[in-house]
Amino acid sequence: MFAAETTAALPIAITQGDCAGIGPEIIAKAFRAQPQLLRGCFVVGELQTLRRATALAARAADGEQGIAQPIAVIDQPQDAWSVPEGAIALLGLPGLAGPQPYGQISAAAGEAAARCVVWTAQAALRGEIAALVTAPLHKEALHLAGVAFPGHTELLQAEAAMHAGVSIAQMPVRMMLANDELRTVLVSIHVSLREAIEAVTQPQILQTLRITHQALSKSLGRSPRIAVAGLNPHAGEGGIFGREEIDIIAPAIAAARAEGIDASGPFAPDTVFMRARNTLDHPGEFDAVLAMYHDQGLIPVKYLGVEDGVNVTLGLPLVRTSPDHGTAFDIAGKGIADAASLLQAVQMARNLAA
């Protein structure tokens, strides 16, 4: 079984995330919980950081007598397939800072996390890996490290644009948060609420609909049904609470429909996510909801359970997924972090890369 995979399939890379947070811990727990799913995956990071994480995962599982998983240091991505099941493949980057104190924001941790993401993105763009799964990083730590981008999405966008020889504006990307019941795609990402409102323009919405349509058409094998949320309460109530729905959002939807995109709305933001939610008792009316700003789209998905959510970057010439949670500095080092969302992210990365 695995011999065929080693010659045909590309491996999947998992970045260690901020080493002061729960990223390394959930990576170790994921390899421990589902070694078959993690077969052919490798960690991009630093050896002592991963050793600390495997020791923590062993104690969490079996107490002080727990035995940490072995770590196999590899030289190139394809070597991940030759690592015995039960071991964690690690591609260590030279010069990374070692383990940092749990729960403390630091430039060293931010710089290490960013370097792992950049290396992995470049490997994906060179065609050396099938996908990348990113463990959580801390935006303030990135800032302290002098990283010019506020998060994974923008950092990956910049690397992809540089690889393609185009400007960042010519490499538009969008964030999708997804679980088994709901998918939401955001018009804007990590900006202030004031800036997010200013980003609600007809070109921006139309571009988001195009990116969503293209990405989900590939994964679903059909044209997705996309609901568009309004910006204002009750989607403006016919202009009483604002005219963005009339003057901006509706014309963008009409333009998308003229291109063959199955988009509808704008719908009241306080009910459209319930209509799209897909359960055994309630088949969703839509395959995704287009949200006008970050919290409007992320709160509904996260309320359903961060342990099941996956962050997917749409529009990139590579597959990138991530757990639907942050660094969780408040519980880092305590051995109680849940690896479920990371496991979901790996599974989704496999599905998208297939």
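**Strand β8 and its surroundings in a predicted model**

Biologist: In this predicted model, which residue of β9 does Ala229 stand opposite?

Modeller: Ala229 can be placed through the pairing of β8 and β9, which run in the parallel sense over three bridges. Along that pairing Ala227 has Ser264 as its bridge partner in β9. The residue that Ala229 stands opposite in β9 is Phe267.

Biologist: Which residues of β8 point the other way from Ile226 and Val228?

Modeller: In a regular strand the side chains alternate between the two faces of the sheet. In β8, Ile226 and Val228 point one way, and the residues on either face are buried. Those that point the other way are Ala227 and Ala229.

Biologist: Through which helix does the chain cross from β8 to β9, and what is the handedness of the crossover?

Modeller: The two strands pair in the parallel sense, and the connection between them is a β-α-β crossover. The helix on this path is α9, residues 244-258, and the crossover is right-handed.

Biologist: What is the bridge partner of Ala227 in β10?

Modeller: Strand β8 also pairs with β10, in the parallel sense and over three bridges, and in the order of the open sheet β8 is written between β10 and β9. In β10, the bridge partner of Ala227 is Val289.

Biologist: Which are the edge strands of the sheet?

Modeller: The open sheet is formed by 12 strands in the order β3-β4-β2-β1-β5-β12-β11-β6-β7-β10-β8-β9, with mixed pairing. An edge strand pairs on one side only, and this holds for β3 (71-73) and β9 (263-267).

Biologist: Is Asp287, which forms a salt bridge with Arg225, buried or exposed?

Modeller: The closest N and O atoms of this pair are 3.2 Å apart, and the pair links the loop between α10 and β10, where Asp287 lies, to the loop between α8 and β8, where Arg225 lies, 62 residues apart. Arg225 is partly exposed, because its relative accessible area is 30%. For Asp287 the relative accessibility is 7%, and since buried means under 20%, Asp287 counts as buried.

Biologist: Which strands do the buried residues of α11 pack against, and which helix?

Modeller: Helix α11 spans residues 294-303, and its buried residues are Gln296, Gly297, Leu298, Pro300 and Val301. Just after the helix, Gly305 takes a positive phi of about 130 degrees. The strands that the buried residues pack against are β6, β7, β8 and β10, and the helix is α10.

Conventions: Residues are numbered from 1 along each chain as its sequence is written. This is a predicted model: local features need pLDDT of at least 70, side-chain atom pairs count only at pLDDT 80 or more; totals for chains, interfaces and linings use all residues. Side-chain values use heavy atoms; hydrogens and water are left out. Buried means under 20% relative accessible area, exposed over 50%, partly exposed in between (1.4 Å probe, protein chains only). Helices (H or I, at least four residues) and strands (E, at least two) are DSSP runs, numbered from the N terminus. Contact means heavy atoms within 4.5 Å. Two strands pair if DSSP finds at least two bridges between them. A crossover is right-handed if, with the strands pointing away from the viewer, the path from the first strand over the helix to the second runs clockwise. A salt bridge is a side-chain nitrogen of Lys or Arg within 4 Å of a carboxyl oxygen of Asp or Glu.
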